[in-house]
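Here are my comments on the model, set out as numbered points. They begin with a single residue and then turn to the interior of the chain.

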Amino acid sequence: MSELQNRAVKYDEPQRVKKSGLYPYFRVLQSGQDKEVIIDGKKVLMFGSNNYLGLTSHPKTKEAAIAAIKKYGSGTAGSRFLNGTLDIHIELEEKLAKFVGKEETITYSTGFQTNLGVISGIIGRNDCVIIDEQDHASLIDGTRLAFGKVYKYKHNDMESLEKVLIKQAEYKFKLIVLDGIFSMEGDIAKLDKIVELAEKHGASIMVDDAHGLGVLGEKGKGTANHFGVTDQVELISGTFSKSLATVGGFVAGSKEVINVLKHASRSFIFSASLPPASTASVIAALDVIEEEPEIVQHLWDNANLSIELFNHYGIDIGNSETPIIPVYIRDNEKTFLLTKMLLDEGIFVNPVISPAVPPEHSLLRFTLMSTHTKEQIEYTIEKMYKTGKQIGVFT
């Protein structure tokens, strides 16, 4: 057996959990992402998806994807830098720039690649990046690829951020990088306060709005729009795999900065460009949001109802204030057990355990869609409470 195989054999934690019958990952869906999905031939209520506006199954996004394949084929067979730029890529980028309030955008094959390519593409050896300790893995990995120094501040703690900014005053270029909505905690970045500190200490800001687009701001235009600080945020990145119905990513900023990224961002230059179907789906999703802004309000109605019900049952949801609601279990084994028990009851939620979070912060990640009904939400949260009570998670 090779050394690599020996190391792999020692990685036995997944196998241990599988033997217990509680392994909760790679559950196979036999339907599209919607408020109800099919698992093992049975209908299951989906409260574990990032499909916040329900647009993956909207007729207009599906029709746009089909039409794009008929016209352009299934792929681009090259990078944007060379042969892979289609006219619909340009159309999408112009529409995105207008949507988030920036001069220009460029699109990437995934949101993860966006953050890798942007951070590593603009941070030089004499620069520094300052990140929230709860930033998404794609932002953290982007800083690992950059040549500059990396510093962290405590989660959403403005005093901690200012201390870091003061200590790193000698850097000519400092970039603060953060999530708009934090994907596990469900809380919103204090972007208005961060803008004040950035201006005071001469720093720039990049917001990853993966979970903010389609959720916060006027017609879902994002976190910067929500706080009225779009002009003060230099870069806004995002993904199409949440509210925007498909896969891919983008970054928006000034035309000068986007020009640099077009020629210096390695994950943009050396990756095949966004497939036609995905590109057309995002264009259609943005059109739906413009034409049907009530879907954003429906999402918030569902989020507010859910938070009210969790509070009614005395369930710990931390500081969540968005459609991402962490239900804290604070025990890895019970988190797995409750996930399985709920699936047996026809409810899909996602377990989050260490090392993704500390063991004492293990949780069920409960996420909402605009398309969920009041009855589905009330049924699910009551069932979560009663099921959790059986194993001593809730009192």
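1. Between which two strands is the loop that holds Ser243? In this predicted model, Ser243 has its place in the loop that runs between β8 (235-239) and β9 (249-253).

2. Is Ser243 buried or exposed? Its relative accessible area is 2%, and because buried is taken as under 20%, Ser243 counts as a buried residue despite its place in a loop.

3. The surroundings of Ser243 deserve a look alongside that value. A polar atom of the Ser243 side chain lies 2.9 Å from the backbone oxygen of Leu213, and Leu213 is also listed among the residues in contact with Ser243 once neighbours within four places in sequence are set aside. The others on that list are Asn50, Tyr52, Leu53, Leu55, Gly214 and Val215.

4. Leu213 appears again in the lining of the second largest cavity, together with Val100, Asp209, Lys221, Gly222, Thr223, Ala224, Asn225, Thr230 and Ile236. This cavity holds about 30 Å³ of space, and helix α9 (residues 223-227) provides the largest share of its lining, with three residues. By class, the lining has four nonpolar, four polar and two charged residues.

5. The search of the whole structure finds two cavities of 30 Å³ or more, and the largest has a volume of about 40 Å³. Its lining consists of Arg80, Thr107, Tyr108, Ser109, Ser267, Phe268, Ser271, Ala272, Ser273 and Leu274, with β3 (104-108) and α11 (266-269) as the elements that give two or more residues to it. The lining of this largest cavity divides into four nonpolar, five polar and one charged residue.

6. As background to the next point, nonpolar side chains in soluble globular proteins tend to be buried together. The largest nonpolar core in this model has 82 residues, and those with the most contacts inside it are Ile176, Leu191, Val327 and Phe366. Helix α13 (residues 294-312) supplies the largest share of this core, namely nine residues. Apart from it lies another core, of 20 residues, which includes Tyr108, Ile119, Met206 and Val257; Tyr108 is also one of the residues that line the largest cavity.

7. Val327 may serve as an example from the larger set. Leaving aside neighbours within four places in sequence, Val327 is in contact with Phe310, Ile315, Asp316, Ile317, Ser362, Leu363, Leu364, Phe366, Met384 and Phe394. Phe366, like Val327, is named among the residues with the most contacts inside the largest core.

Technical notes:
Residues numbered from 1 in each chain as written. Predicted model: local features only at pLDDT ≥ 70, side-chain atom pairs only at ≥ 80, totals over all residues. Heavy atoms only, no water. Helix = DSSP H or I, 4+ residues; strand = E, 2+ residues; numbered from the N terminus. Buried < 20%, exposed > 50% of the residue type's maximum accessible area, 1.4 Å probe, protein only. Polar contact = N/O pair within 3.5 Å; in protein donor to acceptor, adjacent residues only side chain to side chain. Contact = heavy atoms within 4.5 Å. Core = buried A, V, L, I, M, F, W, Y, C linked by side-chain atoms within 4.5 Å. 1 Å grid on protein atoms, 1.4 Å probe; cavity = no way out; pocket = protein on both sides within 12 Å on 5 of 7 lines; lining within 4 Å. Points joined across faces, edges and corners; volume = space filled by probe spheres on them. Nonpolar A, V, L, I, M, F, W, Y, C, P; charged D, E, K, R; others polar.
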